[in-house]
Amino acid sequence: MTPPPVPAAARIDLHAHSTASDGTLTPAELVRAAGEAGLDVVAITDHDTTTGWAPAVAALPPGLTLVRGAEISCRWHGADPPVALHLLAYLFDPAEPELGAELARVRAAREVRGERIVALLRADGVELSWPEILAGAGGGTVGRPHIAQALIRAGLVATTTEAFGPEWLGERYRLPKDDIDVFRAVRLVRAAGGVPVFAHPRASRRGRIVPDELIVELAAAGLAGLEADHEDHSPAERAHVRALAAELGLFVTGSSDFHGTHKTVRLGAFTTSPEAYGRIVAEATGVTPVASA
């Protein structure tokens with residue numbers, strides 16, 4: 001594919017969430033907010049779903065290009081216990097049956113896990129309503145942030161950060177979820193014509209990180225890039241990611257990982273170079289970016 005032309009100084013944010021997963025803006029509101037933030041290109045990357053794609057395209061404001069993607073829940077089984085990680089998948093064909101089936105399985109597993117977490121809370125006297133939480137997700141991928149919002153509404157915690165603390169969803173009421181083996185995820189994204197990028201690979205403040213050796217193996221298996229500039233990376237971690245990407249011939253991206261009011265980071269807080277964006281579009285054979293008139 002030939003990348004749509006973007007200005008040399010284009011502002012490109014390739015990681016943002018809507019209410020199709022755990023963001024607070026609808027897909028339509030997300031693209032409008034991206035336009036108001038002065039972005040030239042934004043990616044919608046909801047967790048394990050493409051349901052936000054069509055409404056985002058329909059609401060695309062003038063001057064904004066939309067990259068359709070997803071953030072895929074993955075797991076590396078080379079450690080005990082296995083390490084959870086996220087893969088950003090760009091411009092894949094949503095009709096590819098094998099990838100579609102895996103994403104559907106992960107979404108169903110998230111819902112089962114969410115209901116089990118609420119049951120644990122209720123067993124301890126925390127009166128949350130699972131049907132209410134499910135309705136609040138609006139048909140999107142259900143995750144712990146939806147339970148966190150219910151805890152806030154109940155007056156049990158003040159913030160999402162507190163809800164994810166060890167006394168709540170971070171440890172005491174945390175349950176594992178069913179993810180996709182990361183090597184299988186890379187293969188499935190490539191088979192669907194998409195471009196896989198490792199999301200925030202050195203974000204040690206989030207928990208355990210994988211060794212560089214795994215990234216070397218993933219690069220050989222088809223990984224295309226690494227997300228370097230991210231709010232959860234320290235300057236040293238960003239430098240490490242850039243050096244590793246250069247060594248492996250991978251491109252680097254920068255993104256806000258915007259979630260609306262769930263996080264303080266703003267759209268466009270970190271951006272991707274037009275060169276890296278061009279490589280993503282050139283490698284993709286699934287779908288193309290959508291440019292507004």
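**Two domains and how they meet**

Domain 1 and domain 2 bury about 640 Å² between them, and 52% of that area is on carbon and sulfur atoms. That is a good place to start in this predicted model, because the size of an interface is often given as the accessible area lost when the parts come together. On the domain 1 side, Asp22, Lys177 and His262 supply 59% of the area buried against domain 2, more than any other three residues. If you have the structure open, try picking out these three residues to find the interface.

Where do the two domains run in the sequence? The domain assignment builds domain 1 from two stretches, 12-104 and 177-291, while domain 2 covers 113-164. Their C-alpha centres lie 26 Å apart. The contact itself draws 9 residues from domain 1 and 8 residues from domain 2.

What kinds of residues does domain 1 bring to this contact? By class, its side has 1 nonpolar, 5 polar and 3 charged residues. As for specific pairings across the boundary, there are 0 salt bridges between domain 1 and domain 2. Polar contact joins 1 residue pair between the two domains, counting pairs with both residues at pLDDT 80 or more.

Salt bridges do turn up in the structure as a whole, which holds 16 of them. Side chains of opposite charge can pair when their charged atoms come close. One example is Asp179 with Arg75, whose side chains meet at 2.5 Å, N to O. Asp179 sits in the loop between helix 6 (160-163) and strand 5 (180-181), and Arg75 belongs to strand 3, so this pair ties together parts that are 104 residues apart in sequence.

Strand 3 (65-76) also leads us to a feature of the backbone, since the loop between strand 3 and strand 4 (83-90) contains Pro81. The peptide bond from Asp80 to Pro81 is cis, with omega near 0°. A second backbone feature is at Asp48, in the loop between strand 2 (41-47) and helix 2 (53-58). Here phi is near 60°, a positive value in a residue other than glycine. Why point these out? Because most residues other than glycine have a negative phi, and most peptide bonds are trans.

Finally, a word on annotation. An unreviewed UniProt entry lists residues 12-76 as "domain: Polymerase/histidinol phosphatase N-terminal". In the model, the span 12-76 is 25% helix and 32% strand, and its end C-alpha atoms lie 29 Å apart.

Definitions and conventions: Residues are numbered from 1 along each chain as its sequence is written. This is a predicted model: local features need pLDDT of at least 70, side-chain atom pairs count only at pLDDT 80 or more; totals for chains, interfaces and linings use all residues. Side-chain values use heavy atoms; hydrogens and water are left out. UniProt positions are given in the numbering used here, feature names are shortened, and annotations may be inferred rather than shown by experiment. Helices (H or I, at least four residues) and strands (E, at least two) are DSSP runs, numbered from the N terminus. Domain bounds come from an automatic or database domain assignment. Contact means heavy atoms within 4.5 Å. Buried area is the accessible area (1.4 Å probe) that two parts lose on being put together, summed over both. A salt bridge is a side-chain nitrogen of Lys or Arg within 4 Å of a carboxyl oxygen of Asp or Glu. A polar contact is a pair of N or O atoms within 3.5 Å; within protein, one must be able to donate a hydrogen and the other to accept it, and residues adjacent in sequence count only if both atoms are side-chain atoms. Ala, Val, Leu, Ile, Met, Phe, Trp, Tyr, Cys and Pro count as nonpolar, Asp, Glu, Lys and Arg as charged, and the others, Gly among them, as polar.
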